[in-house]
Amino acid sequence: MKFPRSSGILLHPTSLPGRFGIGDLGGEAYRFIDFLAAGKLSLWQTLPLTPPGFGHSPYQSFSAFAGNILMISPEKLVGDWLLSNEDIQAAPDFPEERIDWNRVIEFKSALLEKAFQNFRRGEYRELREDLEGFRHYAQSWLADYALFAALKDEHEGREWNTWEKELIHREPSALKAARERLRDRIEAHELFQYLFFKQWLELKRYANERGIKIIGDMPIFVAHNSADVWAHPRLFKLDEEENPTVVAGVPPDLFSKTGQRWGNPIYNWERMREDGFKWWIERMREAFKIVDIVRIDHFRGFAATWEVPAEDETAENGEWVEVPGRELFAALKESLGDVPVMAEDLGTITPDVIELRDELGFPGMRVLQFAFNGDPRDTHLPHNYVHNTVVYTGTHDNDTVVGWFHGKSGDGSTRTAEQIKRERANCKKYLHTTGREINWDFIRAAFSSVADVAIIPLQDILGLDSSARMNTPAVEEGNWAWRYKSDALTSELSERLLEMTKIYGREVW
């Protein structure tokens, strides 16, 4: 599918401002959409909207289908009469620019539990009818996820492969007993998911009505500690105890000298092939219910996957194993038709990955921060772009542009002090800049390029330094916590973006 010449902003909803400790789907989300519309930006790219897992990462989710209920707006729950104004007045004094995850989880969980108890005691006839409709809407995944979440509650959050053996192996009698024993907890998790999807779809409709499309991010892999692996163990490479035999990662690269050992279990593609890739078809079908465009993370994994022995502590000793990507996407097309997909094709890219991407017609990615190594043929330099490309100043895994430009060795990458100095000099020459407003130099380079789509992280529009970085790969602590201040989105910024959108022909409406 060809995308029109357009532009947008990369921002995860958890980074929105607000008084409840984490960005949510309330008023600030609508104000952000108004900011996009004022600048004639037509795309909002998020990170995965699923529940965050290990390290609070949305890429290690407990489910490939469920929503992150920490994003539910307490103020909208007041509007649904599930909470009172008094319930939300007692919000703690949370940090303004960082998520204090432990305190947020404690506070939001208590609010949601109160909402559920009110739901149980009240009539809420229309809400109950809507919940029943949602069960049908999410029938391909909700029952398994709600039972999984209820069992995690019962086991105090422990990983499912530490539960009783009859639950690990999903013996029918054990599952039946659990559904009866945990009926209330199952209904609670169904309600929480309903509330998330209700609020999200209302927000998406608001965006779409203003000419803005949502780009959702789909990780290629799922976490072992997830409802997906627990409910479908035969679709993954697991041993008799349901533990991974091999895990996903990437070989040594710019971000890590020993590679990145992500730890996700690897798909058993032969078994997926047997049922026509049913799980993947359902995953993609559900994704397009809540986003307009899907960006597939680690697209190269559909050509071959770096399989690391599960017992290894680093990713150095992995090997590339071929994957039936063509068959999978043929099955997806047969079931869903031509769907709008963007391919994250960064990292170790071999000719077979490029061939698969181009055969499918998916746009690949270019990142300006990768461009200035001194090679004029580097594909990340704007003069080497092709139209069917999505250009970024940086991604969620990069430093901010300001942080990158002023960076030092040891800043989360393998760049030496000499490399940083050389790249900075090349950057200044190429962009013909002193670096005084390096973030806007990058934005202008992205917008003026021939790439059909230009996406800018909000941190770069705001000109923020490394303290606003969203994620540092291979670092387990301190990620996924950045938030912007409520007064950050000024009319001056939207006017500057509007001018650039018009100058470089990225108006879609």
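How do the residues of the lining of the second largest cavity divide into nonpolar, polar and charged? In this predicted model, the division is 8 nonpolar, 9 polar and 3 charged. The space in this second largest cavity is about 160 Å³. Its lining has 20 residues, and Leu10, His396, Pro457, Gln459 and Met470 are the closest to the centre.

**The largest cavity**

The whole structure holds 4 cavities of 30 Å³ or more. The largest has a volume of about 360 Å³. Its lining counts 34 residues. Nearest the centre lie Thr50, Ala64, Asp217, Ala287 and Ile290. Three elements give two or more residues to this lining: α9 (183–209), β3 (213–219) and α12 (278–290). The most comes from α12, with 5 residues. By class, the lining has 21 nonpolar, 8 polar and 5 charged residues.

**The second largest pocket**

This pocket holds about 650 Å³ of space. A lining of 24 residues surrounds the second largest pocket, with Phe62, Ile69, Ile105, Ser109 and Asp153 nearest its centre. At least two lining residues come from each of α4 (101–121), α6 (142–154) and α9. Helix α9 thus appears in the linings of both the largest cavity and the second largest pocket.

**Linings by class**

| Site | Nonpolar | Polar | Charged |
|---|---|---|---|
| Largest cavity | 21 residues | 8 residues | 5 residues |
| Second largest cavity | 8 residues | 9 residues | 3 residues |
| Second largest pocket | 11 residues | 9 residues | 4 residues |

Technical notes: Residues numbered from 1 in each chain as written. Predicted model: local features only at pLDDT ≥ 70, side-chain atom pairs only at ≥ 80, totals over all residues. Heavy atoms only, no water. 1 Å grid on protein atoms, 1.4 Å probe; cavity = no way out; pocket = protein on both sides within 12 Å on 5 of 7 lines; lining within 4 Å. Points joined across faces, edges and corners; volume = space filled by probe spheres on them. Helix = DSSP H or I, 4+ residues; strand = E, 2+ residues; numbered from the N terminus. Nonpolar A, V, L, I, M, F, W, Y, C, P; charged D, E, K, R; others polar.
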